[in-house]
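Dear colleague,

Please find the structure below, handed over for your review. My notes on it come after the display.

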Amino acid sequence: MMSWNCQSKADSDIRSQTISHPLVGKLYRLYYEYANAIILCDDDNHSEILKRTKKACFKWKGIGRELGFTEEELSSIVQKPGQTGEEDYYSAMLMRWLDWAPPNHYLPSVQRLSSALREVGYEGLALDLDEKFNISGSLECSEEDIYKIAGYDFDWRRVGQRFMCDQKVRDIDCDGRSEGEKRKMMLLEWKRRNSRDATYQALVKELRAIENNATADQVEELERKRKLQGEK
């Protein structure tokens, strides 16, 4: 039985809630996937995920850092009895991520793991994972439109925390930069990390999750115009 430590900023009413009852957990999973346009990693798909990504075991620590593990947490995995190599460490790290997720991070999703794989250089494995779970979206957000979106009014920190680790958000949020520059840097980092999965609708979902529907509508309008251009 899984126990998820949910700290979703998309829904403050269920923040920090622990889901332990199987039925409640299943219902919450369906709600969370629908609300956030993601596919959660869980007991049902763990074996398939591990099989498709085990070649990444040689960089398991880098993947763990991208998923939000601290150095102390990664060291504790190595020290666990009965594990003898990188593949064991990688499997144990994924299981721990599935069971409770690192503190201050969201429920484990296929999209987040794909992003971590890309970040450490496993683009092929990330693409394979995306294809297996049919992860696709709207059009990929163009860099030209990212510069436009950076001029819109939205809480880039809350959106950024859903797309990348908290440390990266803190790195962007330094003195001397305007809010517009910070929004632009966050969006460009999101696009760099997620490549073709950095879609207009992925951004729209996060904006609506923080109840910024006006900006979400603006982003949807940008995508509509892109689609019209593509049809000409």
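The notes below cover the basis of the model, its cavity, one helix and one loop residue.

This is a predicted model, in which local features need pLDDT of at least 70 and side-chain atom pairs count only at pLDDT 80 or more, while totals for chains, interfaces and linings use all residues. Residues are numbered from 1 along each chain as its sequence is written, and side-chain values use heavy atoms, with hydrogens and water left out.

A search of the whole structure finds 1 cavity of 30 Å³ or more (a set of points on a 1 Å grid over the protein atoms alone where a 1.4 Å probe fits but cannot get out; lining residues have an atom within 4 Å of a point). The volume of the largest cavity, meaning the space filled by probe spheres set on the points, is about 60 Å³. Its lining consists of Glu66, Leu67, Arg112, Ser115, Ala116, Phe163, Met164, Cys165 and Arg193. Helices H3 (60-67) and H6 (110-119) each give two or more residues to this lining, and H6 gives the most, with 3. Helices here are DSSP runs (H or I, at least four residues), numbered from the N terminus.

Helix H5 (residues 86-99) has 14 residues and should span 20 Å at 1.5 Å a residue, a figure that agrees with its end C-alpha atoms being 20 Å apart; the expected span is 1.5 Å times one less than the number of residues. Among its buried residues (under 20% relative accessible area, 1.4 Å probe, protein chains only) are Tyr89, Met93 and Trp97.

Phe133 lies in the loop between helix H7 (123-132) and helix H8 (143-149). Phe133 counts as buried because its relative accessibility is 15%.

Yours sincerely

How values were computed:
Buried means under 20% relative accessible area, exposed over 50%, partly exposed in between (1.4 Å probe, protein chains only). On a 1 Å grid over the protein atoms alone, a cavity is a set of points where a 1.4 Å probe fits but cannot get out, and a pocket is an open set with protein on both sides within 12 Å along at least five of seven lines; lining residues have an atom within 4 Å of a point.
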